[in-house]
Amino acid sequence: MSVHIAAKKGEIAKTVLQPGDPLRAKYIADNFMEEVKLVSQTRNIFYYTGLYKGKEISVGASGMGIPSIGIYSFELYTEYEVDTIIRIGTCGAYNTDLKLFDLLNVENSASESTYAKFAWGIEEELLKSQGNVFETINQTAEKLSLNIQPTNIHTSDIFYRKDEDLPAIATKYNCSAVEMEAFALFANAQHLGKNAATILTVSDVIPTREKISADEREKALKPMIELALETALQL
Ligand code: HPA
């Protein structure tokens with residue numbers, strides 16, 4: 001048991017899939033995994049461990065934003081000996097080259113956040129996905145004939161803002177989309193020598209205000225979930 005996760009030692013697999021939303025974790029456990037056990041529900045952040053095609057995998061939520069994923073990923077890596085976390089989330093596209101439902105494999109995350117600096121003395125504002133998972137995701141997508149774009153993204157602390165201009169850091173690092181978690185996950189993994197990747201589905205296109213509807217979300221996220229699970233089999 002860690003401060004924010006009630007699972008006992010040994011109840012979490014070496015590879016964890018981490019959506020933002022606890023109900024998304026439940027959806028994955030209910031629909032894609034077998035012999036599933038709910039191992040934590042502290043704060044309604046559900047963690048499940050079960051089998052996918054015979055391999056033990058855990059799935060559990062990160063919550064929203066850098067502080068939340070910073071806590072959960074740190075405890076998973078340090079208290080449960082997790083080797084690899086694959087974040088599976090949604091993002092807003094910064095330009096119309098990206099379309100709703102597009103899949104992105106995050107190569108680097110750029111952020112104005114001071115999380116990496118004040119947590120670990122990591123001064124960089126651009127952090128890489130950690131270990132070989134990024135490559136494994138690309139290879140697995142190819143095998144599954146899924147289109148996925150390797151890209152840099154912006155991890156922002158801000159969802160609502162008055163200024164509609166592209167944030168300077170997104171221009172500086174050629175970020176195609178924005179979400180709110182990958183930077184902290186990569187920082188923790190870098191500091192601890194662990195593996196971390198982030199796969200994103202475009203859920204909104206910021207310049208046109210198009211959005212995936214609530215009804216479409218389940219269908220929209222299926223390819224990303226399958227890609228993450230099939231990648232986990234390779235690890
Ligand atoms: N901003 C930040 N995070 C997001 C967005 C967004 O527009 N869409 C999905 N996650």
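This passage describes a helix, a strand and two single residues of a predicted model.

Helix α4 spans residues 133-143, and its buried residues are Val133, Phe134, Thr136, Ile137, Thr140 and Ala141. When the helix is viewed down its axis, these buried residues fall within an arc of 160°, so they line one face of α4. The face turned away from this buried side carries Glu142 and Lys143, which are exposed. Several elements take part in covering the buried residues of α4. Among them are the strands β5 (84-93), β6 (103-110), β8 (149-155) and β10 (195-205), together with the helix α7 (214-234). After α4 comes Ser145, a residue with a positive phi, near 55°.

Two of the strands that help to cover α4, β5 and β8, also pair with strand β9: β5 through 2 bridges and β8 through 4 bridges. Strand β9 comprises residues 175-179, and 5 of its 5 residues are buried; the strand is therefore largely enclosed by the rest of the structure. The two pairings differ in sense, since β5 and β9 run antiparallel, whereas β8 and β9 are paired in the parallel sense. Ala177 of β9 takes part on both sides. This residue is the bridge partner of Ala93, and Ile153 also stands opposite Ala177.

The surroundings of a single residue can be illustrated with Thr49, which lies in strand β3 (residues 47-52). The relative accessible area of Thr49 is 7%; because buried means under 20%, Thr49 counts as buried. Its side chain makes a polar contact with the side chain of Ser58, at 2.7 Å. With neighbours within four places in sequence left aside, Thr49 is in contact with residues from several parts of the sequence, including Glu11, Ile12 and Ala13, then Met33, Glu35, Val36, Lys37 and Val39, and finally Glu56, Ile57 and Ser58. Ser58 thus appears both as a contact of Thr49 and as its partner in the polar contact between side chains.

Ala168 offers a contrast in accessibility. This residue belongs to helix α5, which covers residues 168-172. The relative accessibility of Ala168 is 65%, and because exposed means over 50%, Ala168 counts as exposed. Ala168 and Ile66 are separated by 102 residues in sequence, and the distance between them in space, from C-alpha to C-alpha, is 19 Å.

Methods:
Residues numbered from 1 in each chain as written. Predicted model: local features only at pLDDT ≥ 70, side-chain atom pairs only at ≥ 80, totals over all residues. Heavy atoms only, no water. Buried < 20%, exposed > 50% of the residue type's maximum accessible area, 1.4 Å probe, protein only. Arc of directions from axis to C-beta. Contact = heavy atoms within 4.5 Å. Pairing = 2+ DSSP bridges. Polar contact = N/O pair within 3.5 Å; in protein donor to acceptor, adjacent residues only side chain to side chain.
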